[in-house]
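Visitor: Please take a close look with me at the enclosed space inside this model. I would like to start there and then follow the surrounding parts outwards.

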Amino acid sequence: MIGSVLVLVIGFALLVKGADFFVEGASDIARKLGIPSIVIGLTIVALGTSLPELAVSVTAALKESNDIALGNVTGSNIMNLLVVVGLAAVIRPITVKRSVLKRDYVMSLLMTLLMLAGAADIFGNNGKASISLLDGAVLLGVTAGYMYHLIRTAVRNRVAEQFGITRPLPLSLLFCIGGAVAIIGGGQMVVNSATDLAYGIGMSETLVGLTIVAVGTSLPELVTSVVAARKGESEIALGNVLGSNILNIGFILGTSGVIHPITVGMENVYDMLILILLTAVFLVPLWIRQRVSRGTGAAMLGCYLGYMVYIVVR
């Protein structure tokens, strides 16, 4: 068990540092092309910080550790919404544009509903409660359409300045490649060690996916958004979370489902319903005030604490 814990820690370190390098390199390239910050947060930064979830979920799907794959996505999205946004808002209140709520926040809610629809056999899984190849294809298709819209909008509204880029292009590309390699290796280490720990101490794969793996793979989002909030880049902080949550379901869960059907249990459905409820509930104060205040941020953190108590007791 000591060896598994050590491998888990090393794996998380590779995930976080790899995502950090990837985000830095990709953000430099995007800014050099004049892409606005909210789009950088929703696309490049969101993709980079979601790579740990992708590495973990795809590896888990290949190893048929379905509960880790699904629990990782659901748990990460709940943590992103409540802890990452909540903590960033407590540090500095986040201003939210109505257009971002209409397009990106609502899209995040829609993707969660699509995930639940797939689990509930809406698209036809031969009577089996699972995220099947068809469900995965639907999620990937919707995500591709959303990303196309974002990129098309970014190209149409691109700005000329380079936002103070200091790295040469080859170095930025090296950051991206090196970060991706570290993320893939770290993802394999996390899944292997987390699975060993789960069996070793009698925890279910669902609980491991919702807690240890979800928190670990959400560290890049947490670090990125907190740093962005402290620097006053609230659009990047919020865009990172919304983009990551959309990609976690649409791209990561979709890819995992296409690789291997992911069996869905009732506990997974309860967590999906909780994610839908939380996303819908916190849309109300954001829509009314067009900001995430410190009070709302504190409420988000309190909800996450209550959720953690619930899943551990469950």
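Guide: The count comes to 3 cavities of 30 Å³ or more. A cavity here is a set of points, on a 1 Å grid over the protein atoms alone, where a 1.4 Å probe fits but cannot get out; lining residues have an atom within 4 Å of a point. Grid points are joined across faces, edges and corners, and the volume is the space filled by probe spheres set on them. Before we go in, please keep in mind that this is a predicted model, in which local features need pLDDT of at least 70 and side-chain atom pairs count only at pLDDT 80 or more, while totals for chains, interfaces and linings use all residues. Residues are numbered from 1 along each chain as its sequence is written, and side-chain values use heavy atoms, with hydrogens and water left out.

Let us stay with the second largest cavity, which holds about 40 Å³ of space. Its lining is made by Leu-81, Tyr-105, Ser-108, Val-241, Leu-242, Asn-245 and Thr-279. Helix H4 (98-119) and helix H9 (234-259) are the elements that give two or more residues to this lining, and H9 gives the most, with 3 residues. Helices (H or I, at least four residues) and strands (E, at least two) are DSSP runs, numbered from the N terminus.

From the lining we can step to Asn-80, which lies in helix H3 (residues 66-91). Asn-80 is buried, with a relative accessible area of 0%. Buried means under 20% relative accessible area, exposed over 50%, and partly exposed in between, with a 1.4 Å probe and protein chains only. Setting aside residues up to four places away in sequence, Asn-80 touches Val-85, Ser-218, Glu-221, Val-241, Ser-244, Asn-245 and Asn-248; a contact means heavy atoms within 4.5 Å. Val-241 and Asn-245 are among these partners, and both also line the cavity.

Thr-279 takes us from the lining to helix H10, where it is one of the buried residues. Others on that list include Asn-268, Asp-271, Met-272, Phe-282 and Pro-285. At 1.5 Å a residue, the 24 residues of H10 should span 34 Å, and its end C-alpha atoms are 36 Å apart, which agrees. The expected span of a helix is 1.5 Å times one less than its number of residues. H10 is followed by Gln-290, found in the loop between helix H10 (266-289) and strand E4 (291-292). Gln-290 is not a glycine, yet its phi is positive, near 55°. With a relative accessible area of 30%, Gln-290 is partly exposed.

Further along the chain comes helix H11 (residues 294-313), whose 20 residues should span 28 Å; its end C-alpha atoms are 29 Å apart, which agrees. In H11 the buried residues are Thr-296, Gly-297, Met-300, Tyr-304, Tyr-307 and Ile-311. Seen down the axis, they fall within an arc of 100°, so they line one face of the helix; the arc is that of the directions from the helix axis to the C-beta atoms. An α-helix has 3.6 residues a turn, so residues three or four places apart point the same way. The face of H11 turned away from the buried side carries exposed Gly-295, Leu-305, Val-312 and Val-313.

Ile-311 of this helix also appears among the contacts of Thr-211, together with Met-203 and Met-308, leaving aside neighbours within four places in sequence. Thr-211 sits in helix H7 (residues 205-217) and is buried, with a relative accessible area of 10%. Thr-211 and Ile-68 are 143 residues apart in sequence and 10.0 Å apart in space, C-alpha to C-alpha.

Two more pairs show how distant parts of the chain meet. Leu-62, in helix H2 (residues 37-62), is exposed at 60% relative accessible area; its C-alpha atom is separated by 7.1 Å from that of Ile-259, 197 residues apart along the chain. Met-189, in helix H6 (residues 169-201), is partly exposed at 23% relative accessibility. Between the C-alpha atoms of Met-189 and Ser-4, 185 residues apart along the chain, the separation is 9.1 Å. Beyond its neighbours within four places, Met-189 is in contact with Val-7, Ile-10, Gly-11 and Leu-14.

To step back, the chain has 11 helices and 4 strands, and 54% of its 314 residues count as buried. Among contacts between residues at least 6 apart in sequence, 84% join residues at least 24 apart.

How values were computed: On a 1 Å grid over the protein atoms alone, a cavity is a set of points where a 1.4 Å probe fits but cannot get out, and a pocket is an open set with protein on both sides within 12 Å along at least five of seven lines; lining residues have an atom within 4 Å of a point.
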